[in-house]
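Biologist: I have a new model open and would like to learn how to read it. Can we take it feature by feature?

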Amino acid sequence: MRIVIAGGHGQIALRLERLLAGRGDEVAGIIRKAEQADDLRAAGAEPVVLDLESATVEEVAERLRGADAAVFAAGAGPGSGVARKDTVDKGAAVLFADAAVRAGVRRFLVVSSMGADPRHEGREVFDVYLRAKGEADAYVRRLDSLDWTILRPGALTDDPGTGLVRLEAHTGRGPVSRDDVATVLAELLDTPATSGLTLELIGGKAPVSVAVKSVAGN
């Protein structure tokens, strides 16, 4: 497959790029800064320099044409303010989804967040973040032209992956390693029967392949 990842220099995205390239997929990662390109090449991915906060739908669609799947893994980051939660966590996600529709890329994965909710209340930065992610998720779910799956990990850690997770519509809160999030994303890409599902993910006892097959109804 050819897979294009938005937020290609993110911690989850780099892990996913290594996994996908390692199994023989063709991977491209959209990045904002040219100096990040070498890290993507080291992960086996093609760097595509494009700022999703200023790009047009057509510019993004051009990078997506010919892809078999798209993954939105971009984020403003913990050090960003309220404004970039709207322009990146919501705005860039909406732009990327619209571009996928225009480019004819149906399979579409979103790395969201546990607790994302367009009706989430509060004015603190994290409140705004959860609301922005929830609004982006709601927008994607309305697009009939996409075979979308939304993944909402719990508290992210840098612990080594165990390959054992809990993946359900509602898991309750808990930690999960970025390694395991990337492994689940790779498995979801191979499992189109998970289209139309919003899934929460934390560490657990089920091997990733078993967990994904279970939510897919297999």
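Biologist: Are Phe96 and Phe108 buried or exposed?

Modeller: This is a predicted model. In it, both Phe96 and Phe108 are buried. Buried means under 20% relative accessible area. Phe96 sits at 0%, so it counts as buried.

Biologist: How are the rings of Phe96 and Phe108 arranged as an aromatic pair?

Modeller: Look at the centres and the planes. For Phe96 and Phe108 the centres are 5.7 Å apart and the planes make 45°, a tilted pair. The two rings also link distant parts of the chain. Phe96 is in helix 4 and Phe108 in strand 5, 12 residues apart.

Biologist: How many aromatic pairs are there?

Modeller: The count is three. Another of them joins Phe72 and Phe96, with centres 6.1 Å apart. Planes from 30 to 60 degrees apart count as tilted. The planes here are at 50°, so this pair is tilted. Phe72 lies in strand 4 and Phe96 in helix 4 (residues 82-103), so the pair ties together parts 24 residues apart in sequence. Phe72 is buried too, at a relative accessible area of 1%. Together, Phe72, Phe96 and Phe108 make up one aromatic cluster.

Biologist: Now the sheet. What is the order of its strands?

Modeller: Read across the sheet, not along the chain. The order is 3-2-1-4-5-6-10-8-11. The sheet is open, has nine strands and shows mixed pairing.

Biologist: Why is one side of strand 3 and of strand 11 left without a neighbour in the sheet?

Modeller: Strand 3 (46-49) and strand 11 (206-207) stand at the edges. Each has a single partner strand, so one side of each has no neighbour in the sheet. Strand 2 (residues 26-31) pairs with strand 3 in the parallel sense, over four bridges. In one bridge, Gly29 is partnered by Pro47 of strand 3.

Biologist: Which strands does helix 1 touch?

Modeller: Helix 1 (residues 11-22) packs on the sheet and touches strand 1 (2-6), strand 2, strand 4 (69-72) and strand 5 (107-111). Its direction makes about 170° with that of strand 1. Helix 3 (residues 57-64) also packs on the sheet, touching strands 1, 3 and 4. For helix 3 the angle with strand 1 is about 145°.

Biologist: And how do I read two packed helices?

Modeller: Use the angle between their axes and the distance between the axes. The axes of helix 6 (residues 178-189) and helix 7 (residues 208-215) come within 10 Å and cross at roughly 50°. That makes helix 6 oblique to helix 7. The crossing is right-handed. Residues in the contact include Val184 and Leu188 of helix 6 and Val208 and Val212 of helix 7.

Methods
Residues numbered from 1 in each chain as written. Predicted model: local features only at pLDDT ≥ 70, side-chain atom pairs only at ≥ 80, totals over all residues. Heavy atoms only, no water. Pairing = 2+ DSSP bridges. Helix = DSSP H or I, 4+ residues; strand = E, 2+ residues; numbered from the N terminus. Contact = heavy atoms within 4.5 Å. Axes fitted to C-alpha atoms, helices over the stretch in contact; angles between N-to-C directions. Phe/Tyr/Trp six-rings, centres within 6.5 Å; stacked < 30°, edge-to-face > 60°. Buried < 20%, exposed > 50% of the residue type's maximum accessible area, 1.4 Å probe, protein only. Parallel < 35°, antiparallel > 145°, perpendicular 65-115°, else oblique. Left-handed = near helix turned anticlockwise from the far one by under 90°.
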